[in-house]
Amino acid sequence: MTHFFARSRSIRSFGIAFVASLAALFTASPADARITRIEIDAARSQSPTFGGFSWPNVGQYEKIVGKAFGEVNPHDRRNRVIVDIEFAPRNARGNVEYAFNFYILKPIDLSRGARKMMYEPPNRGGKTWAALGRVAVDPGGNGDDPGSAITNPTVLANSFLMPRGYTIVWSGWENLDSLDNPAFNSTASFPIARNPDGSAITGPSYEYIVVGAAAASAALSYPAATLDKTQATLTHRVHLNDAPQAIPASGWNYNAAGTAISLAGGSFVANDIYEFAYTAKDPRVNGLGFAAVRDWMEFLRYQRRDDYNNPNPLARHIKRVYTEISSQPGRLLNDFRHLGFNETESGRKAFDGHMQWIAAGNGINMNYRFSQSGRTERNRQNHLHIEGRFPFANVTTHDPITRETDSRYKSCERTGTCPLGMEIYSANEYWVKSASLLHTTPDGTRDLPDSKFTRNYFMSSMRHGTAATPGGIAGTPPSRGLCQQSDNPLNSAPVQRALFIALDEWATEDRNPPRSRVPKLKDGTLVPPLPQSGMGFPNIPSPFADGPGPLVTYTGLKTTRYHFDYGLNFYQTGIATINPPVFPFTTPSYQDDQRNGPIYPSFIPKTDGDGNDIAGVRLPDVTVPLATYTGWALRRGAQANDGCEAAGQFIPFAKTEADRGNDPRPSVAARYPTFAAYHGKLRSALERMVSDRLLLCEDAGTEEARLMQAGITRGVLPPEGGVLPAVEPLRACREDEDEDEHGHGHDHDHRDHDDDD
């Protein structure tokens, strides 16, 4: 069998490349913005990959690693929205150039593949697909080189995407590292914007500095335009609600290059808050990251070769492209859609569907001068970096503050290039990122209808992501870290896999996806965080003695969505003249103070008497609970009661009524007097998940086994004989098997149902 990257070497003769380069130079026009060249790194590519594992009906996979070079026409309407593109250097064709690295996993024999691609824009250069992909890296392996680092046959046989024949692609969209970095981090290279006379562009920049361990210095995102310390301000505080204290110019220093600062005679204190405002220089045109993603999709989907006759490794194969993301890249794609980048240069779709995980309604700090795309706002960090701005929703709404009317889908609706979308997000996004604005009006008075292109799925009681369970023993509390309570182990991966299949069926078969599941104003499941009695969280005795009080602390801390003033015309140009924005009042509270600017009202999910969220997609762990799970957490130690960012809480029920004390929550024994009682409720919850297309039958058995063990760990009486029962197929899964056997079931063929053109 001839492998792709071996074939590609055979065509790279000097004559072909020379002729192609001349053709590219003399025949291309500015309108021909595109991927101009790809370079396959044969030494880092691998065929077969995954240790040579072969999947039935698909075969082996290969890994293709390389770099891509592209250019855009700065005058094209699709590109004019990129901030500072008019100040970027141009090539002989008048276009602006960029580059990025890429990583492809594909069936060696594409004719056996699904003709579908899962594309993941990496999170700060890293690959985050393992949860969706149902894979685990070998001990000591590099997760950013999955082809070489996942070789366990058991893991691979149980994986999600490869048995279905998906091609999997990553590419860089942030300027993070060298394109040839040895760690396989995904990165990109974008030009620095300069004034027309070649001089440096300068402007206000802002750093929010919190270090996890004492640090001698802090790097700056952009170099300082001047080393005159009187032109900069550094402040310090311990709590978010403290008044910032200015550190005099004599108390800190720049390094010689103006790329970092340090404290005179000391270190930055771990977890304290430092803020640095200064005049920076040399902004990169980071909005080119949107174009890099768009143009890469157009090349892989629609082009056969680049300008130098290098073949597209997926030419004429890909019919559908769906994204999978975790957090930050979802905010990239929120702005990608809003700015119109799902329309390629040739007027076609870049993506057919976006599966968004923990991104909600926020955008990304990227298409701005002196942007910092790695920033993320939470309830104790980065509040003043622009991220959450109107429009928040995928349907048209009116902004009572700016008096604009807009939608994240407005641009693609105008051009007929809208992707479908599964918006999946946790409770944490309501507490720290004002996620309710994704499905309420900006004035906070009404629930919004669904977009015809998207559905919203709130994962009840979840934190931002999943906390690791020690030893992998189900029901064991995760670490507390910096927080007052144990972290939250709820895991949405099985739901994500079910919704990924639903997204594909929506795109290829026009089969409606599961209905949206979100808390709502009209039914009282979406409420203000205070008073505590109104939102439902009970007064639970704290299992830890080192907290601020005897109860689990509840303060109602929630991020406020302010409309900030970054200076004249900022929201039209993306260029701040005030940075950070004016924010004079941190006391008595950083939050909900209208003296700091207009506020978009936001809300949080109401809880039941156990403290678990009522609305949304309730995992069996929440439907048949053994504990209280929250999407919020508070810090302990010196920063006590400040927000604990992405974390949540796991607060177990007492095992018996004798252990319960004054806990208002019934004990495990009171809820489930026998193992059969617990197991029966558990299977009923799993049946509902499968029937609602929120759990795949292939995941149901693993989930049942995990939850049975969690019950035993948390105090459910063992079954008679002490041996857990064997997992039996759920009724909903047996019915599917019977339908398939008689020819009436849903078509599970991994190939796309579209015509094979």
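This report describes a strand, a helix and several aromatic contacts in a predicted model.

## Strand E5 and its neighbours

Strand E5 spans residues 116-120, and because five of its five residues are buried, the strand is largely enclosed by the rest of the structure. The enclosure concerns both faces, since Lys-116, Met-118 and Glu-120 are buried on one side, while Met-117 and Tyr-119 are buried on the other.

E5 pairs with strand E15 (residues 320-324) in the parallel sense, over four bridges, and within that pairing Tyr-119 has Thr-323 of E15 as its bridge partner. Strand E6 (residues 167-171) also runs parallel to E5 and is joined to it by four bridges; here the bridge partner of Glu-120 is Trp-170 of E6.

## Helix H17

Helix H17 comprises the 18 residues 697-714, which at 1.5 Å a residue should span 26 Å, and the separation of its end C-alpha atoms, 26 Å, agrees with that expectation. The buried residues of H17 are Asp-699, Ala-700, Glu-703, Glu-704, Leu-707, Met-708, Ala-710, Gly-711 and Arg-714. These residues cover an arc of only 170 degrees around the axis, which puts them on the same side of H17. An α-helix has 3.6 residues a turn, so residues three or four places apart point the same way.

The elements that cover the buried residues of H17 include helix H10 (493-509), helix H13 (620-623), strand E26 (649-652), helix H15 (668-671) and helix H16 (675-691). Just after H17, Gly-715 adopts a positive phi of about 120 degrees.

## Aromatic pairs

A search of the whole structure yields 45 aromatic pairs. One of them is formed by Trp-431 and Trp-632, whose rings are tilted, with 5.9 Å from centre to centre and 50 degrees between the planes. This pair links distant parts of the chain, 201 residues apart, as Trp-431 belongs to helix H9 (residues 427-433) whereas Trp-632 lies in the loop between strand E25 (627-630) and E26. Trp-431 has a relative accessibility of 3% and therefore counts as buried, the cut-off being under 20%, and Trp-632 is likewise buried, with a relative accessible area of 7%.

Elsewhere, ring pairs connect Tyr-368, Tyr-562, Phe-564, Tyr-566, Phe-570, Tyr-571, Phe-583 and Tyr-590 into a cluster.

## Arginines over aromatic rings

Two arginines can be described by their placement over rings. The charged end of Arg-37 sits over the ring of Tyr-308, at 5.8 Å from its centre, and Arg-44 lies over the face of Phe-184, at 4.2 Å from the ring centre.

Note on methods:
Residues are numbered from 1 along each chain as its sequence is written. This is a predicted model: local features need pLDDT of at least 70, side-chain atom pairs count only at pLDDT 80 or more; totals for chains, interfaces and linings use all residues. Side-chain values use heavy atoms; hydrogens and water are left out. Buried means under 20% relative accessible area, exposed over 50%, partly exposed in between (1.4 Å probe, protein chains only). Helices (H or I, at least four residues) and strands (E, at least two) are DSSP runs, numbered from the N terminus. Two strands pair if DSSP finds at least two bridges between them. The expected span of a helix is 1.5 Å times one less than its number of residues. The arc is that of the directions from the helix axis to the C-beta atoms. Contact means heavy atoms within 4.5 Å. Rings of Phe, Tyr and Trp (its six-membered ring) pair if their centres lie within 6.5 Å; planes under 30 degrees apart count as stacked, over 60 as edge-to-face and the rest as tilted. A charge sits over a ring if NZ of Lys or CZ of Arg is within 6 Å of the ring centre and within 35 degrees of the ring normal.
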